[in-house]
Amino acid sequence: MQKISHAFLLIFSIIFLTVSQMSKATEKTQRTVTIKGSITYHQRVALPPGSIIQLEIKESSKKKIIEKSKIPLQGKQVPIPFSIMISRGLLKSGKKYQLESTIYVQRKPAWKTDPIHINSQSFTQDVGTLVANPVTQKMTANAISSKEILGVTWRLEDLNHQGIIDDTSVTLKFNHKGSLSGRSGCNSYSGEYKLEKNSLSILPNLRSTLMACAPAIMTQEQKFTQLLLESTQVKISPDDKLVITTKKGQTLTFIAEK
C-alpha cells in the first residue's frame, strides 16, 4: 500500500511539474509577440562572409526603435529565414509599429526592405518573404578630376546591382573636348558629356549603330543606355572603380581596362 502511495505521489508530481512548465510557457507566449518570415533580394550577388541581417521594430510615427536583433549569416544565402520576439508590454495601445530589415555587408547597409506593419494584437505574425532593395551609398564630397577618367576605357562590371551578361562588351571612354564613346553590348555609340566636379550629364544626342543581337543582350543594352543618359553624378570609389549614379540612385559601375 505504501509503495502504491509513493508511486501515486511520484506520478502526481510529474504531472504537476509538466502542467506548471506548460503554463509558464503559455504565459510567456502571451506576454510576447513573435514576428517571423524570410528576406531575399533579386540581384544575382552572393553575400560575402561576415554579412548580417539587422531587424528593427519601430514605432511608426516617431521611428523610435523598440526592439532590435542581429542575425549573423555565417555563409547563408537568400532567402534567409528570421524571427524576432518583442515584449507585449513595449507595444502601447493605439500606437502603430513596423518592422524594418537590413542586410549589412562589411558593416555597411547593402539591402533594405520597405517597412511592414506589425499586428501588435497577435501572438505570432508571419510576414512571408520580404524583398530587399539595394541601398545606394552617398557620393563622396571630393570633386573628381577629369584627369582621373579621361582617355581611360572603362569596362562595365555591374548594371545597377544586377551584374551583366557574361561575355558582353560594355565600355565607356571619356575623350577630350567633351566627347565620349564606347560599346553598349551589341552596338557602338558616341556622344557628348558635361563634367563639373562630381556632376555628370550625358547629352541626349547619343548616336549608335543599328546592329541586332540576342534579345537578352538588347534588353541589357537598352537599360545601360537609359541609365547612362540619366547620369547625374560620378565618382572614383576607394577601390578605383568608376561609379555613375542617376537621380533615382541607380548605378553603373566600371573598372579600368588595362
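This is a short look at the confidence of a predicted model and at a few backbone oddities in its loops.

**Confidence first**

Averaged over the protein, pLDDT comes out at 85, and 84% of the residues get to 70 or more. One stretch to treat separately is residues 22-29, where pLDDT stays under 50. For that stretch, the model has 1 contact beyond four places in sequence.

**A cis peptide bond**

Where does the cis peptide bond involving Pro79 sit? It joins Val78 and Pro79, with omega at about 0°. As for the surroundings, Pro79 belongs to the loop that runs between strand 3 (64-72) and strand 4 (80-87).

**Positive phi outside glycine**

Lys177 has a positive phi, near 60°, despite being a residue other than glycine. You'll find Lys177 in the loop linking strand 11 (171-174) and strand 12 (179-183). Asp240 is another non-glycine residue with a positive phi, in this case near 65°. Its loop lies between strand 16 (231-236) and strand 17 (242-246).

Are these side chains buried or exposed? Lys177 counts as exposed because its relative accessible area is 89%, over the 50% cut-off. Asp240 is exposed too, with a relative accessible area of 56%.

Here are the two residues with their values:

| Residue | Phi | Loop between | Relative accessible area |
|---|---|---|---|
| Lys177 | near 60° | strand 11 (171-174) and strand 12 (179-183) | 89% |
| Asp240 | near 65° | strand 16 (231-236) and strand 17 (242-246) | 56% |

Definitions and conventions. Residues are numbered from 1 along each chain as its sequence is written. This is a predicted model: local features need pLDDT of at least 70, side-chain atom pairs count only at pLDDT 80 or more; totals for chains, interfaces and linings use all residues. Side-chain values use heavy atoms; hydrogens and water are left out. pLDDT is the predictor's confidence in each residue, from 0 to 100. Contact means heavy atoms within 4.5 Å. Helices (H or I, at least four residues) and strands (E, at least two) are DSSP runs, numbered from the N terminus. Buried means under 20% relative accessible area, exposed over 50%, partly exposed in between (1.4 Å probe, protein chains only).
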